[in-house]
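Biologist: Before we discuss any details, could you put the chain on the screen, so that we can go through its core, its helix contacts and its backbone in turn?

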Amino acid sequence: MAIRVLNATSVARDLGRWRTDTEDGSGRRRTSRPTYRALADGVRLLIHDGRIPLGVGLPSERDLSAALDLSRTTITSSYAVLREEGYLISKQGARSTVALPDMARPNGLLVQSRNSTGPVIDMSHAAMAAPTEAMMSAYSSALQALPTYLSNHGMEPIGLSVLRESISRRFTERGLPTTPDQIMVTSGAQQAVRLLLGTLTSPGDRVLIDHPTYPNALEAIRRVGARPVPVPIQPEGEPWDLDGIRSAARQTASKVAYMIPDFHNPTGRCLDADGRAELAKIARDTSMTLIVDETMVDLWLDAPPPPPVASFGRVSGTDIVTIGSASKSYWGGLRIGWIRANPSLISRLAGSRAAHDLGTSIMDQLAAGFLLQDADAILETRRVQLRERRNALESALAEHLPDWTYRRSTGGMSLWLQIPAPVSSALAATVPAFGAVLAAGPRFGVEGAFERFIRMPYTREPAELAAAVSATAAAYQALAPNIDTQQPALVF
């Protein structure tokens, strides 16, 4: 199978200010590293950050030399360094492909530290506690409504009609006309992902993903025997590399793409309306089914998101499938998700579902239906809480970890933090001894990417967030003697 090759212009753009040249008093340039070495270091950091995916081919020496305005000899020397360090794997008669050296999996920076003397704050899940009063009221109402459903078998493969009507109504209110026969209720969004991948892909198929992405979606892709094709999220400007998505779709002949354009997990970024229209066009032009994960769509903090991606697709709905969930918006214990697709695909999914279960809990469906009736009031309260907690987390980071960088999320539940050194896995292994649990960056990437990143949710109380950041700072300080502080940093 042909190897996907990165575009030289895209690589040049992602490298940013990769040179470390300075000027002396006479205006002459000085540098502490040869240009070929600086370039190799820049490419290496892009690999660790997940912005150059593993398994792809780097641009040809000629193309990259033209894009960077460097001699071809410099590019050849840089590629040679990357090959020696294990970041490029060469095979006879084939293009060299990007890899991580064995020493990078894992990085091995573990320390012996004190045992935690207080409670351990779990920051590994981006989920809020339930809105207790609203949840109790919803289940109380569901219990009163339950007798209506006790006279039959209680198995509803596509979900209760009353809930499907409520879900379709909310899609229509957001600018995407939807009927109940386009909705299937699932036991959480995770089941929705598994059902779709099991129905739409075969072992060995390529599935395009934004990178980083939701870890459980990555696992679902692997479980069906498909192979994820990562297209990096950009740190600045428009986060989705639409040209890269189109190129990757064509080069890999991906049948399916899974993307999170609404307050992306873990970065919190949101795709604008023009980007959604282009994404829908890419799916249409490449005959690729686009699975859009909208589980965070209700949790906007700065401004509501643009219309659903599916509103830019075919009227038939054959090119774009949408996943939603009540778990992030209301409570993780409420295992209610849904799929919006054309009715023929809903019928296929219902047939496939029998191998997993025979329907979603009636009580949970009824409770979700009552929550949706009062959704706007509940969600606005949730947004107020998340804004306050986002501010609290940012204040704690400024105090305890001022050299960690991030782009403020516009919605969702977390910040995607860049660490000065690639020690994410080591930090996640060390920090429980200091009183917190974190999700390491590589959980959100393919094969070891994102060792310089940590996802930190702002879903807990402000005091807990401050304590978790303090614990993280202490663990990072414990790692400090083992960290190579001389590594060059990319500047965006």
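Biologist: Which residues have the most contacts inside the largest nonpolar core?

Modeller: This is a predicted model, and its largest nonpolar core has 47 residues. Those with the most contacts inside this core are Ile167, Leu208, Ile245, Leu290, Tyr330 and Ile336.

Biologist: Which helix gives the most to this core?

Modeller: The contribution to this core is six residues from the helix that gives the most, which spans residues 362–373. That helix is α12.

Biologist: What other core lies apart from it, and of how many residues?

Modeller: Apart from the largest core there is another one, which includes Met296, Leu397, Leu427 and Val469. In general, nonpolar side chains in soluble globular proteins tend to be buried together. The number of residues in this other core is 40.

Biologist: How many of the chain's residues, as a percentage, are buried?

Modeller: The chain holds 15 helices and 16 strands. Among its contacts between residues at least 6 apart in sequence, 75% join residues at least 24 apart. Of the 492 residues in the chain, the buried ones make up 54%.

Biologist: Are α5 and α12 oblique or roughly parallel to each other?

Modeller: Helix α5 covers residues 132–145, and its axis comes within 8 Å of that of α12, the two crossing at roughly 125°. The crossing is right-handed. An angle of that kind falls outside the ranges for roughly parallel, antiparallel and perpendicular, so the remaining class applies. The two helices, α5 and α12, are therefore oblique.

Biologist: How do the residues of the contact of α5 with α12 divide into nonpolar, polar and charged?

Modeller: On the α5 side the contact is made by Ala134, Met135, Ala138, Tyr139, Ser141, Ala142, Leu143 and Ala145, while α12 brings Met363, Asp364, Leu366, Ala367, Phe370 and Leu371. The residues of this contact divide into twelve nonpolar, one polar and one charged.

Biologist: Why does α9 count as roughly parallel to α10?

Modeller: The axes of α9 (residues 242–252) and α10 (residues 273–285) come within 10 Å and cross at roughly 10°. Angles under 35 degrees count as roughly parallel, and the crossing angle therefore makes the relation of α9 to α10 roughly parallel.

Biologist: How do the residues of the contact of α9 with α10 divide?

Modeller: From α9, Leu242, Ile245 and Arg246 meet Gly275, Glu278, Leu279, Lys281, Ile282 and Asp285 of α10. One of these, Ile245, was also named for its contacts inside the largest core. The residues of the contact divide into four nonpolar, one polar and four charged.

Biologist: Where is Pro266 found, and what is the omega of the cis peptide bond that joins Asn265 to it?

Modeller: Pro266 lies in the loop between β9 (256–259) and α10. The cis peptide bond joining Asn265 and Pro266 has an omega of about 20°.

Biologist: What is the omega of the bond from His211 to Pro212?

Modeller: Pro212 sits in the loop between β7 (206–211) and α8 (215–223). The peptide bond from His211 to Pro212 is cis, and its omega is near 15°.

Biologist: Is Ala253 buried or exposed?

Modeller: Ala253 has its place in the loop between α9 and β9, and its phi is near 55°, a positive value in a residue other than glycine. Its relative accessible area is 58%, and a residue over 50% counts as exposed. Ala253 is therefore exposed.

Key. Residues are numbered from 1 along each chain as its sequence is written. This is a predicted model: local features need pLDDT of at least 70, side-chain atom pairs count only at pLDDT 80 or more; totals for chains, interfaces and linings use all residues. Side-chain values use heavy atoms; hydrogens and water are left out. A nonpolar core is a set of buried Ala, Val, Leu, Ile, Met, Phe, Trp, Tyr and Cys residues joined through side-chain atoms within 4.5 Å. Buried means under 20% relative accessible area, exposed over 50%, partly exposed in between (1.4 Å probe, protein chains only). Helices (H or I, at least four residues) and strands (E, at least two) are DSSP runs, numbered from the N terminus. Axes are lines fitted to C-alpha atoms, for helices over the stretch in contact, and angles run from 0 to 180 degrees between N-to-C directions. Angles under 35 degrees count as roughly parallel, over 145 as roughly antiparallel, 65 to 115 as roughly perpendicular and the rest as oblique. A crossing is left-handed if the near helix is turned anticlockwise from the far one by less than a right angle, and right-handed if clockwise. Contact means heavy atoms within 4.5 Å. Ala, Val, Leu, Ile, Met, Phe, Trp, Tyr, Cys and Pro count as nonpolar, Asp, Glu, Lys and Arg as charged, and the others, Gly among them, as polar.
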